Amino acid sequence: MAEQEGPDRDKPQGVDAARESGHDIVREDLDDHEREIVSSHEVASARLVHEIIRQRGIDELERPASALLWSAIAAGFVIGLSPFAIGIFTSEVADGPWMPLLMALGYAIGFIAVISGRLQLFTESTITAVIPLATTPCWRNFHRTLRLWAIVLAGNMVGTFAFALFVHFNLAGQPEIGRQIQQNSLDAITLYMAAPFLKGIPAGFMLAALVWAMPNLERQEIFIIAAITGLMHLGGVAHSIVGSAELWITMLDGNIGLAQGLSGFLVPAVLGNVVGGGVLFALLAHAQVVPELDTGYVYGEERPRTRRNRRR
């Protein structure tokens with residue numbers, strides 16, 4: 001049979017199927033202005049969100065080590081705004097039924113500052129670094145992922161330790177708030193150490209979910225950051241970077257030893273965050289778009305690209 005000629009030949013099969021089922025892609029009775037309104041309310045598909053995060057991950061993987069390190073150190077210090085804000089609220093605001101929500105808001109402040117400032121936070125990179133690796137799995141990309149994680153985690157630890165010194169030596173000149181931060185940090189570490197690995201998994205998963213949602217939440221980022229990270233505080237999950245700031249504060253105060261802090265909290269919490277964000281969420285998010293990906297795309301390997309046959 002001869003190939004069909006004319007404009008209908010190039011119609012996407014999805015459009016034909018939609019119209020046969022009575023569900024038009026865009027209703028033909030809409031005028032141009034109404035069609036613009038419909039288009040402006042479209043959200044990125046899962047495949048596009050995947051590509052946005054993959055590109056962001058590649059950018060991070062290819063940044064110079066010094067840039068990654070300084071950004072990570074800044075993120076570690078700035079994330080200290082979370083325990084600092086909680087300390088202010090608990091020392092300056094009268095206790096009451098509103099206090100848990102107020103403390104959750106304080107916990108979110110550090111994340112809002114770090115994420116909005118595009119600083120390198122380890123728990124964000126558990127998904128952004130894994131998506132490029134999952135898309136093009138190879139040893140070179142695996143090494144790049146480990147390099148990114150090692151640099152960012154080390155920088156975050158330096159930054160949170162600097163914040164702990166800031167609190168320990170009362171450089172803010174507010175001893176009452178400093179003492180409250182120390183007490184809050186001890187309470188938090190005591191809670192986390194009951195099951196740091198298990199408490200770290202939901203923290204990693206929730207941060208990865210936050211990163212995944214961000215591309216479709218333009219001009220609403222602060223609200224989703226505050227909602228998810230506030231829930232993390234209310235749920236008592238173990239975020240390794242905020243927790244490291246609380247750990248260093250507790251150690252400098254003499255309430256816990258280095259070996260106990262590392263083995264009893266920090267190492268298992270980091271592993272839990274990686275499992276929750278880099279394994280569970282990242283791989284699940286990647287799996288849903290695998291059938292839609294261009295299988296010929298290669299990142300990190302010098303191989304020719306081939307185009308997938310696309311429906312016209």
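This tour moves through the predicted model one selection at a time, from the whole chain to individual side chains.

**Conventions**

Residues are numbered from 1 along each chain as its sequence is written, and side-chain values use heavy atoms, with hydrogens and water left out. Because the model is predicted, local features need pLDDT of at least 70 and side-chain atom pairs count only at pLDDT 80 or more, whereas totals for chains, interfaces and linings use all residues.

**The whole chain**

Begin with the entire protein, coloured by secondary structure. It has 14 helices and zero strands; helices (H or I, at least four residues) and strands (E, at least two) are DSSP runs, numbered from the N terminus. Of the 312 residues, 44% are buried, where buried means under 20% relative accessible area, exposed over 50% and partly exposed in between (1.4 Å probe, protein chains only). Among contacts (heavy atoms within 4.5 Å) with a separation of 6 or more, 80% join residues 24 or more positions apart. The protein exposes about 16400 Å², with carbon and sulfur atoms supplying 61% of that area; accessible areas come from the Shrake-Rupley method with a 1.4 Å probe, and for residues only the protein chains shown count as cover.

Next, recolour by pLDDT, the predictor's confidence in each residue, from 0 to 100. The mean is 86, and 81% of the residues reach 70 or more. Select residues 1–19: the pLDDT is below 50 here, and the stretch has 15 contacts in the model beyond near neighbours in sequence. Then select residues 302–312, where the pLDDT is likewise below 50 and the corresponding number of contacts is 18.

**Helix H11**

Select residues 196–213, which make up helix H11. Its 18 residues should span 26 Å at 1.5 Å a residue, and the end C-alpha atoms are 26 Å apart, which agrees; the expected span is 1.5 Å times one less than the number of residues. Show the side chains of the buried residues, among them Ile201, Leu207, Leu210, Val211 and Trp212. Which helices do the buried residues of H11 pack against? They pack against H3 (46–61), H6 (99–116), H7 (122–128), H10 (175–192), H12 (221–235) and H14 (258–287).

Now turn to Phe205, also in H11. At 32% relative accessibility, this residue counts as partly exposed. Add Val279, Leu280, Leu283 and Leu284 to the selection: together with Phe205 they form a nonpolar surface patch with about 420 Å² of accessible area. H14 contributes the largest share of the patch, four residues. Patches are made of residues with over 30% relative accessible area and no salt bridge, like charges being joined within 9 Å and nonpolar side chains (Val, Leu, Ile, Met, Phe, Trp, Tyr) within 5 Å.

**Salt bridges of helix H3**

A salt bridge is a side-chain nitrogen of Lys or Arg within 4 Å of a carboxyl oxygen of Asp or Glu. How many are found in the whole structure? The search finds three.

Select Arg54 and Glu51, whose side chains meet at 2.7 Å, N to O. The two are three residues apart in H3, separated by about one helical turn. Arg54 is buried, with a relative accessible area of 4%, while Glu51 is partly exposed at 29%.

Move along H3 to Glu60 and Arg56, where the closest N and O atoms of the salt bridge are 3.4 Å apart. These residues are four apart in the helix, again about one helical turn. An α-helix has 3.6 residues a turn, so residues three or four places apart point the same way.

Keep Arg56 and add Glu124; this salt bridge has an N to O distance of 2.9 Å. Arg56 lies in H3 and Glu124 in H7, so the pair ties together parts that are 68 residues apart in sequence. Both residues are buried, as is Glu60. Through shared partners, the salt bridges join Arg56, Glu60 and Glu124 into one network.

**Two loop residues**

Most residues other than glycine have a negative phi. Finish with two residues of positive phi. Arg118, in the loop between H6 and H7, has phi near 55° and is partly exposed, with a relative accessible area of 46%. Asn170, in the loop between H9 (139–168) and H10, has phi near 50°. At 30% relative accessibility, Asn170 counts as partly exposed.
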